[in-house]
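Here is a short note for a colleague who has not seen this structure before. The points run from the whole chain to single residues.

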Amino acid sequence: MATGRQLEIPFDDTPRWDAPGLEQALAEAAGKPLRLVLTDNRSVLLSFRREAGAVNLRLHRMFLHAPDRVVAALGKNLRRRGRAADGEVRRFMNVNLHRVRRTPRTMPTLETEGQAHDLGAVYADINRRFFGGDLKVPITWGRGVGRARRGGLTFGSYDPVLALIRIHPVLDRAEVPRYFLESVVYHEMLHHHMGGVPDSAGRTVYHTRAFREAEARYPRHEDALAWEKANLPRLLRASQALDRARKAARRSAKTPRGRRP
């Protein structure tokens with residue numbers, strides 16, 4: 001699989017643009033009149049409307065830190081109805097989500113060695129085989145609190161704020177085949193690699209057609225889907241057992257010790 005260039009953004013707080021300068025640069029890149037409104041909206045980072053030959057564009061203030069190539073890519077996207085330039089823009093938004101959240105978050109302790117599977121080894125192998133070894137994203141076993149989804153489990157997740165992959169510990173079992181764990185890790189690595197695509201309303205869409213096509217390039221993709229379908233009830237029961245054990249441990253830790261006589 002061809003790898004995309006990873007976007008590197010300096011994490012300082014000095015804006016590259018003021019509002020009038022960014023509006024002018026975007027209008028020049030788009031080749032049409034443009035009205036820019038900067039927002040602090042935490043859910044819609046980018047949205048636009050075309051009216052009477054002009055573009056009404058709403059951007060989160062993070063774009064005051066955008067490098068020239070991101071501004072040019074956004075202008076190109078506004079000039080055309082296609083999404084050829086979206087990759088540059090969405091990577092910028094993903095990398096700069098730390099400018100959106102009000103509460104800073106810290107990276108948790110990474111745990112990759114499991115009882116049955118070593119996530120570090122799986123990640124390194126997938127990185128070498130599919131990304132040329134160029135991807136740099138931390139990975140860890142999660143706490144076992146994956147969300148239910150249509151009677152299923154969220155086996156993995158990608159946190160774009162921390163740029164962190166978590167894998168559900170229910171997969172750290174001898175009966176879980178290596179290829180199934182690989183498919184989950186590969187899926188989450190794709191999220192880091194491809195990012196999300198803003199739709200016309202500014203919502204970020206992750207499971208795009210391009211994403212699904214890339215996901216299907218994993219050689220045992222169909223085998224992994226079939227294994228999940230056949231073994232999901234057993235994994236659900238195992239996940240529930242993990243959840244009960246975690247809650248019991250939490251209750252035990254909170255139980256006050258009895259006083260000595």
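1. Among contacts between residues at least 6 apart in sequence, what percentage join residues at least 24 apart? In this protein, 67% of such contacts do. The model is a predicted one, which should be kept in mind throughout.

2. Overall make-up. The protein has 7 helices and 10 strands. It consists of 261 residues, of which 45% count as buried. The exposed area is about 15,100 Å², with 49% of it supplied by carbon and sulfur atoms.

3. Helix α2. This helix covers residues 68-79. Its 12 residues should span 16 Å at 1.5 Å a residue, and the end C-alpha atoms are 16 Å apart, so the two values agree. Buried positions in α2 are Val70, Val71, Ala73, Leu74, Gly75, Asn77 and Leu78.

4. Helix α4, length and ends. Helix α4 runs over residues 119-131, 13 residues in number. From first C-alpha to last it reaches 17 Å, close to the 18 Å expected at 1.5 Å a residue. At the N-terminal end, Asp118 acts as a cap: one of its side-chain oxygens lies 2.9 Å from the backbone nitrogen of Gly120. Just after the helix comes Gly132, with a positive phi of about 65 degrees.

5. Helix α4, packing. Which residues of α4 are buried? They are Leu119, Val122, Tyr123, Asp125, Ile126, Asn127, Phe130 and Phe131. These buried residues pack against two strands, β4 (139-141) and β8 (164-167), and against helix α5 (178-194).

6. Aromatic pairs. How many aromatic pairs does the structure hold? There are 7. One of them is formed by Phe131 and Tyr186; the pair is tilted, with 6.0 Å from centre to centre and 45 degrees between the planes. Phe131 belongs to helix α4 and Tyr186 to helix α5, so this pair ties together parts that are 55 residues apart in sequence. Phe131 and Tyr186 are both buried.

7. A second pair. Phe155 and Phe180 form an edge-to-face aromatic pair, 5.5 Å centre to centre with 85 degrees between the planes. Why does this pair tie together parts that are 25 residues apart in sequence? Because Phe155 lies in the loop between β6 (152-153) and β7 (156-159), while Phe180 lies in helix α5. Phe155 and Phe180 are both buried.

8. Other ring arrangements. Phe130, Phe131, Tyr186 and Tyr218 make up one aromatic cluster. Separately, Arg220 lies over the face of Tyr179, at 3.8 Å from the ring centre.

9. Helix α7, His221. His221 lies in helix α7, which spans residues 221-254. Is His221 buried or exposed? Its relative accessible area is 14%, so His221 is buried, the cut-off being under 20%. Not counting residues up to four places away in sequence, His221 touches Glu215 and Ala216.

10. Helix α7, Arg234. Arg234 is also found in helix α7. With a relative accessible area of 37%, Arg234 is partly exposed. Its side chain makes a polar contact of 2.4 Å with the side chain of Asn231. Leaving aside neighbours within four places in sequence, Arg234 is in contact with Glu175 and Trp227.

11. Ala163. This residue is worth a look for its backbone. Most residues other than glycine have a negative phi. Ala163 has a positive phi, near 55 degrees, and is a residue other than glycine. Where does Ala163 lie? It is in the loop between β7 and β8. Ala163 has a relative accessible area of 22% and therefore counts as partly exposed, the buried class being under 20%.

12. Arg99. Arg99 lies in the loop between α3 (86-95) and α4. At 17% relative accessibility, Arg99 counts as buried. Arg99 and Asp40 are 59 residues apart in sequence, and their C-alpha atoms are 9.7 Å apart in space.

Conventions: Residues numbered from 1 in each chain as written. Predicted model: local features only at pLDDT ≥ 70, side-chain atom pairs only at ≥ 80, totals over all residues. Heavy atoms only, no water. Helix = DSSP H or I, 4+ residues; strand = E, 2+ residues; numbered from the N terminus. Buried < 20%, exposed > 50% of the residue type's maximum accessible area, 1.4 Å probe, protein only. Contact = heavy atoms within 4.5 Å. Expected span 1.5 Å × (residues − 1). Polar contact = N/O pair within 3.5 Å; in protein donor to acceptor, adjacent residues only side chain to side chain. Phe/Tyr/Trp six-rings, centres within 6.5 Å; stacked < 30°, edge-to-face > 60°. Lys NZ or Arg CZ within 6 Å of the ring centre and 35° of its normal. Areas by Shrake-Rupley, 256 points an atom, 1.4 Å probe, with all protein chains shown as cover.
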